[in-house]
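Let's take a walk through this one, from the inside out. Have the model open beside you and follow along.

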Amino acid sequence: MNLWIENILRFLTVVLLQLLLVDHLQFLGLCHPYVYVLFLLALPVQLPRWIEMSIGFGTGVVMDLFANTPGVHTAACTAVGYFRPLLIKKIVNENDRLIGTINGRNIGRINYLKYISILIVLHHIILFALAAFSWHCWWMTLAQTALSSVVSIGIIAGIDLLRN
């Protein structure tokens, strides 16, 4: 399948999954899982950073439009697009020639779990800190970040297991 079509279908799938299903799953008001980040995590490895940041920006704008959160998702997704190539260089062995997308099969389950964990926690820290925009209830922001990250990591790791 054409790489462009595959990524467009992946984008539509995770955004619809997020909007129609996952956004309606909220646990105790503290846990808000975000699985649409999987689209950014599964982008082709060969993309230049400016394209990754642009795709992250566009993805964030789409999510902000549907979530009515001006700029929160955009900032978090753009940051993921910036830091993703750096993390790939640190986690993936230089001898491995990655072509296509990163998954648990081609970089190993442990490395994949590190990869998604770091980027999801980064995304959630930025997202919830900007959404709160205050240090008044910092422990609530920290609890939201921690719980949402754990659930998001679990869902995305489960999706990777099912895909492979």
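## The core and its neighbours

At 36 residues, the largest nonpolar core has Leu 41, Tyr 112, Tyr 115, Ile 116 and Ile 156 as the members with the most contacts inside it. Helices H1 (3-20), H2 (37-41), H4 (72-91), H6 (109-132) and H7 (138-163) are the elements that each give two or more residues to this core. Keep in mind as you look around that this is a predicted model.

Ile 156 is a good place to start. Which residues does Ile 156 touch once its neighbours within four places in sequence are set aside? The contacts are Tyr 34, Val 35, Leu 38, Leu 41, Tyr 112, Ile 116 and Ile 120. Of these partners, Leu 41, Tyr 112 and Ile 116 also turn up among the core residues with the most contacts.

Next, have a look at His 123, which sits in helix H6. Is His 123 buried or exposed? With a relative accessible area of 0%, His 123 is buried. Not counting residues up to four places away in sequence, His 123 touches Tyr 34, Tyr 36, Val 37, Ala 76, Cys 77 and Val 80. Tyr 34 is thus a contact of His 123, and Tyr 34 is on the list for Ile 156 as well.

## Two cysteines, no bond

Cys 77 came up as a contact of His 123, which brings us to the sulfurs. How many disulfides does a search of the whole structure find? The search comes back with 0. Cys 31 is in no disulfide, and the nearest cysteine sulfur, on Cys 77, is 17 Å away. Likewise, Cys 77 is in no disulfide, with the sulfur of Cys 31 as its nearest at 17 Å. A pair counts as a disulfide when the two sulfur atoms are within 2.5 Å, so a separation of 17 Å rules this pair out.

Both residues are tucked away from the surface by the numbers: Cys 31 counts as buried because its relative accessibility is 4%, and Cys 77 counts as buried because its value is 0%.

## Salt bridges

The count comes to 4 salt bridges. Here are three of them, with the closest N to O distances:

| Pair | N to O distance |
|---|---|
| Arg 84 and Glu 52 | 3.0 Å |
| Arg 109 and Asp 160 | 2.8 Å |
| Arg 163 and Asp 160 | 3.6 Å |

Start with the side chains of Arg 84 and Glu 52, which meet in a salt bridge. This pair links distant parts of the chain, as Arg 84 is in helix H4 and Glu 52 is in helix H3 (residues 49-67), 32 residues apart. How accessible are the two partners? Arg 84 counts as buried at 0% relative accessibility, and Glu 52 counts as buried at 2%.

Now swing over to the salt bridge between Arg 109 and Asp 160. Arg 109 lies in helix H6 and Asp 160 in helix H7, so the pair ties together parts that are 51 residues apart in sequence. Here the partners differ in burial: Arg 109 is partly exposed at 39% relative accessible area, while Asp 160 counts as buried at 2%.

Asp 160 also pairs with Arg 163. Both of these residues lie in helix H7, 3 residues apart, which is about one turn of the helix. Arg 163 is partly exposed, with a relative accessible area of 38%. Through shared partners, salt bridges join Arg 109, Asp 160 and Arg 163 into one network.

## Out at the surface

Back on helix H4, find Tyr 82. Tyr 82 counts as partly exposed at 33% relative accessibility. Leaving aside its neighbours within four places in sequence, Tyr 82 is in contact with Arg 49 and Met 53. Tyr 82 and Met 53 are 29 residues apart in sequence, yet 5.7 Å apart in space, C-alpha to C-alpha.

Finally, which residues form a nonpolar patch on the surface? They are Trp 4, Ile 5, Ile 8, Leu 9, Leu 12, Leu 16, Leu 20, Leu 21, Leu 25 and Phe 27, with about 1,000 Å² of accessible area together. Take Ile 5 as one of them: Ile 5 is found in helix H1, and at 44% relative accessibility it counts as partly exposed. Helix H1 also gives two or more residues to the largest nonpolar core.

Key:
Residues numbered from 1 in each chain as written. Predicted model: local features only at pLDDT ≥ 70, side-chain atom pairs only at ≥ 80, totals over all residues. Heavy atoms only, no water. Core = buried A, V, L, I, M, F, W, Y, C linked by side-chain atoms within 4.5 Å. Buried < 20%, exposed > 50% of the residue type's maximum accessible area, 1.4 Å probe, protein only. Helix = DSSP H or I, 4+ residues; strand = E, 2+ residues; numbered from the N terminus. Contact = heavy atoms within 4.5 Å. Patch = residues over 30% accessible without salt bridge, like charges linked within 9 Å, V, L, I, M, F, W, Y side chains within 5 Å. Areas by Shrake-Rupley, 256 points an atom, 1.4 Å probe, with all protein chains shown as cover.
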